[in-house]
Amino acid sequence: MLFQTDIYTKPANTENVYSDIAVKIHGAAMKAIPPDYSSKMHISAYHPFSIFTVPIEDRDIIRISALCNDAKIIPDILSEKKSIRIYGMTKPLEFAEVEISEPINAINAGEYLSKKGCRVTFITPAVIKTNGRFSAAPDISSYFYSTICKYNEFENDNISFDYFKDAFAESFIGEYSLESVKYNVSGHAIPGMTGYFDIYFPENPVQNAVLRKVISYATYSGTGGKTSMGMGGIIAENI
């Protein structure tokens, strides 16, 4: 099952926090969960959760997604807290309200997107590696490689990235606006891609289904790297 929780923070002064808030939320989550599970995640190939934040006026929405039943402990523990301490803030970051979405089955994730197409928006910068280096290269389909790896890992499936890439190439990309920005991880500037693109899915039913499943799953898993630290958060809206 896939789980998603939105935590709304109270207004706070974060000007002295030299990192994106999601990076600090990640640290708080690792301290809050049982040490054995935290240690297990640190050595696993793929993290079973993602975190990203969306600023709204003088506060943030923290979106936490869990990709399996075990990882549900992360949004559960954080949503029970009234506040967390953030290095650089003189006062704890206080939480105002929590919204918990209904869990969905990953296998059926594609059913939430229209067979026609959708607009995919990179809410937070997404990063991939090109020739071993962090990159914000405009190779859109490559940002979903990690998404497919996580789907296969946690759903015990075998979706081919090559097939996904071919299906993506058969799609029509309509309006788009993408740009390269920097994302702050503990003082280190990492390149990332933000913006949106409209994708119209191919008529081939198998290609259509794979694209919808992977993109919908990505709204939980995130795209690219460092998704547990706030990067690669997306939303998908039907066209």
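The dialogue below walks through backbone angles, strand pairing and a pocket in a predicted model.

Me: How should I read phi, and which residues other than glycine have a positive value here, such as Asn156?

Reply: Begin with the general idea, which is that most residues other than glycine have a negative phi. In this model, Asn156 departs from that pattern, with a phi near 50°, and Lys226 also has a positive phi, of about 55°, although it is not a glycine.

Me: Where do Asn156 and Lys226 sit along the chain?

Reply: Asn156 is found in the loop between helix H4 (145–155) and helix H5 (161–170), while Lys226 belongs to the loop between helix H6 (205–221) and strand S11 (234–238).

Me: Is Asn156 buried or exposed, and what can be said of Lys226?

Reply: Asn156 has a relative accessibility of 73%, so it counts as exposed, since the cut-off for that word is over 50%. Lys226, with a relative accessible area of 32%, is partly exposed.

Me: How do I read a hairpin, and what happens between S2 and S3?

Reply: A useful general idea about strands is that, in a regular strand, the side chains alternate between the two faces of the sheet. Here strand S2 (residues 49–56) pairs with strand S3 (residues 59–66) in the antiparallel sense, over 8 bridges, and one of the partnerships sets Phe49 against Ala66 in S3. The hairpin has 2 residues between the strands, and Glu57 takes a positive phi near 60° in it.

Me: Which strands are joined to S6 by bridges, and how many of its residues are buried?

Reply: Strand S6 (residues 117–126) is mostly covered, with 8 of its 10 residues buried. Antiparallel to S6 runs strand S10 (residues 188–200), joined to it by 7 bridges, and S11 is also antiparallel to S6, with 5 bridges between them. Phe122 shows both pairings, for its bridge partner in S10 is Gly195, and in S11 it stands opposite Ile234.

Me: What should I look for in the largest pocket, and which residues lie nearest its centre?

Reply: Look at its space and then at its lining. The largest pocket holds about 500 Å³ of space, and 21 residues line it, with Ser146, Lys150, Gly224, Gly225 and Lys226 lying nearest its centre. Strand S7 (128–130) and H4 are the elements that give two or more residues to this lining, and the largest share, 4 residues, comes from H4. By class, the lining has 8 nonpolar, 9 polar and 4 charged residues.

Terms used: Residues numbered from 1 in each chain as written. Predicted model: local features only at pLDDT ≥ 70, side-chain atom pairs only at ≥ 80, totals over all residues. Heavy atoms only, no water. Buried < 20%, exposed > 50% of the residue type's maximum accessible area, 1.4 Å probe, protein only. Pairing = 2+ DSSP bridges. 1 Å grid on protein atoms, 1.4 Å probe; cavity = no way out; pocket = protein on both sides within 12 Å on 5 of 7 lines; lining within 4 Å. Points joined across faces, edges and corners; volume = space filled by probe spheres on them. Nonpolar A, V, L, I, M, F, W, Y, C, P; charged D, E, K, R; others polar.
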